[in-house]
Amino acid sequence: MKTTLEELQAFVAVVDGGSITAAADTLGQTVSGISRALARLEKKLDTTLLRRTTRRTELTEEGQAFLQRTRAILASIDDAEEHMAARRQQPAGRLRVNAATPFMLHAVVPLVPAFRKAYPQITLQLDTDEIYIDLLERRTDVAIRIGQLPDSTLHARPLCTSRLRVLASPDYLARMGKPKSVADLARHTLLGFNQPESLNQWPLRGAHGDAWPIVPGLTASSGETLRHLALQGVGIVCLSDFMTAADRARGDLVQVLAKDTVEVRQPISAVYYRNTQLAARIACFLDFLQERLG
């Protein structure tokens, strides 16, 4: 049977205080509680640590040797607690973040310099995937996910939302003409996703309702690939604002069918395993993202 921290603390307090009564006062426990802790410790070690008389308490030779080790153990615990307190005040360690390539490039990467300046002791590891990953299998602390989340054992924290728009390059529209109605899209090249199929439901109002299922003329697994194709004038695309804001500001992509577009905002969330105490390095990263993206 292993010794406990309570037993070690009781032993040292008796030595330092010179009596069980003094140790009880120091630790805020009863005299009988300290006496029982010492008895359990000596039984577990199968040795006598203290000689107790009515007048004084003194260490045996075995007690003297054990005291040195015990003080070192308690000092290590104090150091560990102080270290963890310091980490809460100044978070440190490796933080593994996973996100889809477009969100990583357009939303996370621009914030990295400011985050590193604010938290220089955190080492970021940024990974990208176009599909949902197993956080445990990939040793990921935080994953950024776009869209509605399925129920799971993961904890989700909303970060922001991002609007969907139908876009094309001025070059493409000059060559192919600007669609004046949703029906006009039938004669255009539409850029869509391989999967999931829900991403090929464009937020366009019409006889079909508020979501129009497209038939892509070209598909890709990554929104970033579709963005580059649209910039090259290959076709019309539906993408989220977080990845096209700069393109639209420069005029490299322009919105089409704005009057027919339903305002749909994709939820963007951070997911991580449920913990009773969220690690400081994760908490500060989520706070940082939410403050700047929200």
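This is a guided tour of a predicted model, stop by stop.

Residue numbers start at 1 and follow each chain as its sequence is written. In this predicted model, local features need pLDDT of at least 70, side-chain atom pairs count only at pLDDT 80 or more, totals for chains, interfaces and linings use all residues, and side-chain values rest on heavy atoms, with hydrogens and water left out.

**Stop 1: the whole chain**

Show the protein chain as a cartoon. It has 10 helices and 13 strands. Both are DSSP runs, numbered from the N terminus: helices are H or I with at least four residues, strands are E with at least two. The radius of gyration is 31 Å, well over the 19 Å that the globule rule gives for 294 residues, so the chain is more spread out than a compact globule. That radius is taken over C-alpha atoms, and the rule is 2.2 Å times the number of residues to the power 0.38.

Now turn the view along the principal axes. The C-alpha atoms fill a box of roughly 105 × 35 × 25 Å. Of the 294 residues, 40% count as buried. Buried means under 20% relative accessible area, exposed means over 50%, and partly exposed lies in between (1.4 Å probe, protein chains only). Next, take the contacts between residues at least 6 apart in sequence: 73% of them join residues at least 24 apart. A contact means heavy atoms within 4.5 Å.

**Stop 2: strand E5 and its partners**

Select residues 142–146, strand E5. Is this strand enclosed or open? Four of its five residues are buried, so E5 is largely enclosed by the rest of the structure.

Add residues 93–99, strand E3. E3 and E5 run parallel, joined by three bridges. Two strands pair if DSSP finds at least two bridges between them. Look for Val-97, which stands opposite Val-142 in E5.

Then add residues 265–273, strand E13. E5 pairs with E13 in the antiparallel sense, over four bridges. Two positions to label: Arg-145 faces Ser-269 in E13, and Ile-146 stands opposite Ile-268 in E13.

Keep E13 on screen and add strand E6, residues 154–168. Which sense does the pairing of E6 and E13 take, parallel or antiparallel? E6 and E13 pair in the antiparallel sense, over nine bridges. Leu-154 has Tyr-273 in E13 as its bridge partner.

**Stop 3: helices H5 and H8**

Two packed helices are described by the angle between their axes and the distance between the axes. Select residues 101–108 for H5 and residues 223–231 for H8. Their axes come within 7 Å and cross at roughly 75°. Axes here are lines fitted to C-alpha atoms, for helices over the stretch in contact, and angles run from 0 to 180 degrees between N-to-C directions. H5 and H8 are therefore roughly perpendicular to each other. Angles of 65 to 115 degrees get that label; under 35 is roughly parallel, over 145 roughly antiparallel, and the rest oblique.

Show side chains. Pro-102, Leu-105 and His-106 in H5 meet Gly-223, Glu-224 and Arg-227 in H8. The residues of this contact divide into two nonpolar, two polar and two charged. Nonpolar covers Ala, Val, Leu, Ile, Met, Phe, Trp, Tyr, Cys and Pro; charged covers Asp, Glu, Lys and Arg; the others, Gly among them, are polar.

Stay on Arg-227 in H8. Buried or exposed? Arg-227 is buried, with a relative accessible area of 9%. Leaving aside neighbours within four places in sequence, Arg-227 is in contact with His-106, Leu-239, Met-243, Asp-247 and Arg-250.

**Stop 4: Gln-290**

Go to helix H10, residues 280–293, and pick Gln-290. At 30% relative accessibility, Gln-290 counts as partly exposed. Gln-290 touches Arg-157, Pro-158 and Leu-159, not counting residues up to four places away in sequence. The C-alpha atoms of Gln-290 and Ser-269 are separated by 9.5 Å, with the two positions 21 residues apart along the chain numbering.

**Stop 5: backbone details**

Three loops finish the tour.

- Asp-46 sits in the loop between helix H3 (31–45) and strand E1 (50–52). Its phi is positive, about 55°, although it is not a glycine. Asp-46 is exposed, with a relative accessible area of 70%.
- Pro-196 is in the loop between strand E7 (190–193) and strand E8 (201–202). A cis peptide bond joins Gln-195 and Pro-196, with omega about -5°.
- Leu-257 lies in the loop between strand E12 (254–255) and E13. Leu-257 also has a positive phi of about 55° and is not a glycine. At 7% relative accessibility, Leu-257 counts as buried.
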